[in-house]
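Here is a friendly note to read alongside the structure. Take the points one at a time, and find each residue in the viewer as you go.

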Amino acid sequence: MAFPIPSRQLFIDGEWTEPIKKNRIPIINPATEEIIGDIPAATAEDVELAVAAARRALKRNKGEDWASASGAHRAKYLRAIAAKIMERKGQISKLEAMDSGKPLDETEWDIDDVAGCFEYYAEQAEALDAKQKAPISLPMDTFKCHVLRQPIGVVGLISPWNYPLLMATWKVAPALAASCATILKPSETASVTCLELADVCREVGLPPGVLNILTGLGPEAGAPLACHPDVDKVAFTGSTATGSKIMSSAAQMVKPVTLELGGKSPILVFEDVDLDKAAEWAAFGCFWTNGQICSATSRLLVHESIAADFLDRLLKWCKNIKVSDPFEDGCRLGPVISKAQYEKVLKFISTAKSEGATVLCGGSRPEHLKKGYFIEPTIISDVSTSMQIWKEEVFGPVLCVKTFRSDDEAVELANDSQYGLGSAVLSKNLERCEKVTKELQAGIVWVNCPQPCFCQAPWGGSKRSGFGRELGEWGLENYLNIKQVTEYISDEPWGWYKSP
């Protein structure tokens, strides 16, 4: 589907700004492999301008314009952004589908979530007013104490390409609610809708410098942002390797970071499930978002007593998934994001076969699609825990399968990972579900489903999946400094030293 890509510049200090080096990066539609536009390529010089603009935004009018303004004041802007996003939902959803390859039905759902997230953090900003100066009970009546919640300052936000606008919003909305000034660096692989967010913020009159958006390559724009001495915090979603580099860079300045990194999440299917319901959930948990989701439940653990019947059902569900251009009606699996990712996923499948695994279905380009980075839903069995496909994140529509005999073995296999982001437990026995939930080493556990995500609930992982939590009230706390204020209220002298 042809749809014009707006030509944008960087967004710095409330204005469209040409990159200092005037370079641009081509946009490639992953469904057609065609160049459909370009985005500006920021460098360290542009980062300097954006950070300076953010600093000015915090100090403007002695902070009254933003940093020390009421939560109710900020909430008006957040609600205006949400409303404008919904006004432009049709356009933004189509841009997202073209840029990322996600099915249009998915991107429409994502844009609804973007608006909902801004609305939610408008409420959180208002609630922050009521929490200010909340008294703390002390054991001595000669003192009184309260807490101030103040913005952490200028924050660098680095977001991924799999949910281009939504993952950016998970960071931007709470940071603005907390009255921080922000610099967003979206992934160069899918930045188009983040630049549309800049246009929305310009339309609603967000104060200059409060949100700056720099598109560009990671080494040229992301790295200078992460290590900038005037950036007070970095929040990053992406690969574990890049997260480690950001953490190392921030450590030099004892700069706080929030990291939401990779995953190799398990889905445990016990012997008492409804086979068809469980099969659909297993497919959804791995193949949603074209398999490119950090929480993808890409390790299927199924009880050996039902494994044959379950896999038979699952194969039928997978063969019924419509793989097509994202704009076709009923599309449920689009292309992976890029040629590099396409080749990487196929290499994972090839390596699995060479290590002795069996490809039950998929594993290649669908025959009816001659162009685009499409890969069929792929299921791999005969997997051992020493194989690459068991250990490493694929970030594509590939599910590996292993059987278990007991609840304890299921948990042991589930926890056999360097990652700890998501996990799912499917069983009619809710006591079992509760027990297994406590034993799983993951930041998120889904019971009788995978992948639901609500902006009210915390999101984040453990082990090499990162640390810190986004969304909910926890997401707001990421961007706040907590200041204790304690006052001596007695008329009596302290009396520790002898009076001179």
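1. Let us begin with the lining of the largest pocket, in what is a predicted model. The residues around this pocket fall into 14 nonpolar, 14 polar and 7 charged. The pocket holds about 900 Å³ of space. Its lining counts 35 residues, and those nearest the centre are F236, T237, G238, S239 and T242.

2. Which elements supply at least two residues each to that lining? They are β7 (154-159), α7 (218-226), β10 (233-237), α8 (240-251) and α11 (339-354). Helix α8 gives the most, with 6 residues. Try colouring these elements one by one to see how they surround the space.

3. Next, the enclosed spaces. Rolling a probe the size of a water molecule over the atoms reveals where empty space remains. Here the count is 2 cavities of 30 Å³ or more. The largest cavity has a volume of about 80 Å³. It is lined by 16 residues, and P266, R299, A414, Y419 and Q441 are the closest to its centre. By class, this lining has 6 nonpolar, 7 polar and 3 charged residues.

4. The second largest cavity has a volume of about 60 Å³. Its lining includes G263, G291, I293 and C294, as well as E393, V394 and F395. Sorted by class, the lining residues are 6 nonpolar, 4 polar and 1 charged.

5. Now for the charged pairs. How many salt bridges does a search of the whole structure find? The search finds 31. One of them joins E470 and K171, whose closest N and O atoms are 2.9 Å apart. E470 sits in the loop between β21 (466-467) and α15 (472-477) and K171 in helix α5 (residues 164-177), so this pair ties together parts that are 299 residues apart in sequence. Are these two partners buried or exposed? E470 has a relative accessible area of 3%, so it is buried. K171 is buried as well, at 1% relative accessibility.

6. Another salt bridge links E203 to K84, with 3.3 Å between the closest N and O atoms. Because E203 belongs to helix α6 (residues 192-204) and K84 to helix α2 (residues 71-87), the pair ties together parts that are 119 residues apart in sequence. E203 counts as partly exposed at 40% relative accessibility, whereas K84 counts as buried at 18%, since the cut-off for buried is under 20%. Both residues also take part in a network of salt bridges that links R8, K84, E87, R88, E196, D199, R202 and E203.

7. For a salt bridge inside a single helix, look at E439 and K435, which meet at 2.8 Å, N to O. Both lie in helix α14 (residues 430-439), 4 residues apart, about one turn of the helix. E439 is partly exposed at 31% relative accessibility, and K435 is partly exposed at 43%.

8. Finally, turn to the surface. M140, Y488, W494, W496 and Y497 make a nonpolar patch of about 710 Å². Within this patch, Y488 belongs to strand β22 (residues 480-488) and counts as partly exposed at 32% relative accessibility. Elsewhere, E392 is in the loop between α12 (388-391) and β16 (398-404) and is partly exposed, at 35%. E392 and Q418 are 26 residues apart in sequence, with 8.8 Å from C-alpha to C-alpha.

Methods: Residues numbered from 1 in each chain as written. Predicted model: local features only at pLDDT ≥ 70, side-chain atom pairs only at ≥ 80, totals over all residues. Heavy atoms only, no water. 1 Å grid on protein atoms, 1.4 Å probe; cavity = no way out; pocket = protein on both sides within 12 Å on 5 of 7 lines; lining within 4 Å. Points joined across faces, edges and corners; volume = space filled by probe spheres on them. Nonpolar A, V, L, I, M, F, W, Y, C, P; charged D, E, K, R; others polar. Patch = residues over 30% accessible without salt bridge, like charges linked within 9 Å, V, L, I, M, F, W, Y side chains within 5 Å. Areas by Shrake-Rupley, 256 points an atom, 1.4 Å probe, with all protein chains shown as cover. Salt bridge = Lys/Arg side-chain N within 4 Å of Asp/Glu carboxyl O. Buried < 20%, exposed > 50% of the residue type's maximum accessible area, 1.4 Å probe, protein only.
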